[in-house]
Amino acid sequence: MLTPADWETIESGSIQRVQTLNLLLADIYGDQKAIKDGILPADLVFKNPNYRPEMVGLKVPENCYVNVCGVDVVRGGDGQFVVLEDNARSPSGVSYVVENRQLMRRTMPHLFEGMNVRPVLDYGLRLHRALCEAAPAGVSDPQVVLLSPGPFNSAYFEHVFLAREMGIPLVTGQDMVVENDKLYMRTTGGLMPVHVIYRRINDEFLDPEVFREDSMLGVPGLMRAYAKGNVTIANAVGTGVADDKGVYAYIPRLIKYYLDQDAILPNVPTNLCREKDGLQYTLDNLDKLVTKPVGEAGGYGVVIGPRASLRELEVTRKAIEKDPANYISQPMVELSVSPTLIGGRVEPRHVDLRPFCVTGKSTWVLPGGLTRVALKKGSLVVNSSQGGGSKDTWVLE
């Protein structure tokens with residue numbers, strides 16, 4: 001449960017970060033001023049596996065590269081909200097936010113009486129509106145589709161759910177074709193133009209003509225249609241460079257650089273192993289720090305030093321020494337806890353919060369977001385891929 005004051009901090013801080021991420025991406029694929037001015041190291045961008053040179057000079061509608069962003073927020077021991085990481089590629093989990101609320105309203109409707117809880121059930125309408133605002137210029141009634149890898153994907157439930165919530169077709173790459181640099185969807189009535197793709201597949205699978213030749217998930221020629229401005233891809237190709245954990249360390253100074261503001265939601269202090277001092281400090285304090293590979297998501301590769309075995313620490317040390325640029329380290333944040341029903345008993349479990357920011361011509365933040373809970377006693381890893389659960393999250397009016 002979040003008070004209006006707490007939510008105002010989270011909401012305004014999330015919007016500030018999304019604005020910065022979009023300005024950063026427009027800069028990276030444009031004039032590259034932050035790099036030239038020494039704010040951001042060039043190799044952190046150009047050697048990033050998520051950097052896409054194909055995007056250089058390619059304009060996107062409203063300069064909006066990140067249409068959907070998940071900002072992972074925690075409350076530390078001092079009560080302050082801080083950001084653990086930004087998710088600017090294809091953040092998942094919003095279906096649980098809506099489903100949790102629907103289930104709570106059905107099973108315990110009396111709890112909502114007199115509480116003035118802000119709604120979350122209009123997320124699909126809000127997202128569809130933002131995607132329509134991001135349509136190519138001159139398109140008054142855009143056709144939006146959700147591009148999924150298909151039913152074997154672990155998040156397919158969410159793809160079906162969101163397509164239904166938005167009232168749009170759910171498609172795979174085989175359902176679409178590019179002709180004369182325009183994208184079409186195959187239907188029983190013939191080819192139908194497609195103007196906006198909300199994609200839930202990674203960059204490298206989008207177009208076998210440009211990225212992976214063996215991809216069966218994308219659409220041949222899609223990048224040609226994209227470069228000609230005939231279709232919008234949300235989130236834009238190449239956004240992964242902005243949510244890299246190495247770039248994350250520079251977000252507060254990028255907020256100052258682009259917006260001339262201080263960060264409303266600060267970062268966790270971060271040591272970059274690519275830098276000599278950061279590497280030495282990390283290696284000297286492995287048993288006290290949390291180490292993370294910069295390009296991973298879902299909690300994979302994270303080692304919590306104070307809770308790791310000697311063998312885990314030694315394996316981590318060797319991995320960092322072999323490829324320092326691939327790692328960061330941070331002090332362990334004692335995440336706040338929430339009462340959780342475990343085996344018939346209520347016990348404290350660590351939680352974090354992922355507000356979802358939806359951007360078209362402006363940014364709207366879903367009032368609540370995804371509260372993830374580490375169900376294992378003492379665990380700080382809340383990711384669903386690592387056995388975490390989720391909770392309904394109330395923002396009070």
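Me: What makes strand 1 and strand 16 a pair, and in which sense do they run?

Reply: In this predicted model, strand 1 and strand 16 are joined by three bridges in the antiparallel sense; since two strands pair when there are at least two bridges between them, three bridges are enough for the name. One of the contacts can be located by residue, as V68 has V358 of strand 16 for its bridge partner.

Me: How do you know that strand 16 also pairs with strand 17, and what joins the two?

Reply: Strand 16 and strand 17 (residues 363–365) share three bridges in the antiparallel sense, which again satisfies the requirement of at least two. A hairpin of three residues leads from strand 16 to strand 17, and V358 stands opposite W364 in strand 17.

Me: Why are both faces of strand 16 called covered?

Reply: In strand 16 (residues 356–359), F356 and V358 lie on one side and C357 and T359 on the other, and all of these are buried. For C357 the relative accessible area is 0%, and because buried means under 20%, C357 earns that word.

Me: Is C132 buried, partly exposed or exposed, and what makes it so?

Reply: C132 has a relative accessible area of 23%; because buried requires under 20% and exposed requires over 50%, C132 is called partly exposed.

Me: How do you know how many disulfides the structure holds?

Reply: A search of the whole structure finds zero disulfides. For C132 the nearest cysteine sulfur belongs to C64 and is 14 Å away, whereas for C357 it is that of C69, 5.5 Å away. Because a disulfide needs two cysteine sulfur atoms within 2.5 Å, neither C132 nor C357 is in one.

Me: Why are strand 10 and strand 12 called edge strands?

Reply: The open sheet has four strands in the order 10-13-11-12, with antiparallel pairing, and strand 10 (271–272) and strand 12 (303–304) each pair on one side only, which makes them the edges. Within this sheet, strand 11 (residues 289–293) and strand 13 (residues 327–331) pair over five bridges, and P293 has Y327 as its bridge partner in strand 13.

Me: What makes up the lining of the second largest pocket?

Reply: The second largest pocket, with about 530 Å³ of space, is lined by 21 residues, of which M1, S338, V351, T371 and T393 lie nearest its centre. The lining divides into 13 nonpolar, four polar and four charged residues, and strand 1 (68–75), strand 14 (337–342) and strand 15 (345–354) each supply at least two of them.

Terms used. Residues numbered from 1 in each chain as written. Predicted model: local features only at pLDDT ≥ 70, side-chain atom pairs only at ≥ 80, totals over all residues. Heavy atoms only, no water. 1 Å grid on protein atoms, 1.4 Å probe; cavity = no way out; pocket = protein on both sides within 12 Å on 5 of 7 lines; lining within 4 Å. Points joined across faces, edges and corners; volume = space filled by probe spheres on them. Nonpolar A, V, L, I, M, F, W, Y, C, P; charged D, E, K, R; others polar. Buried < 20%, exposed > 50% of the residue type's maximum accessible area, 1.4 Å probe, protein only.
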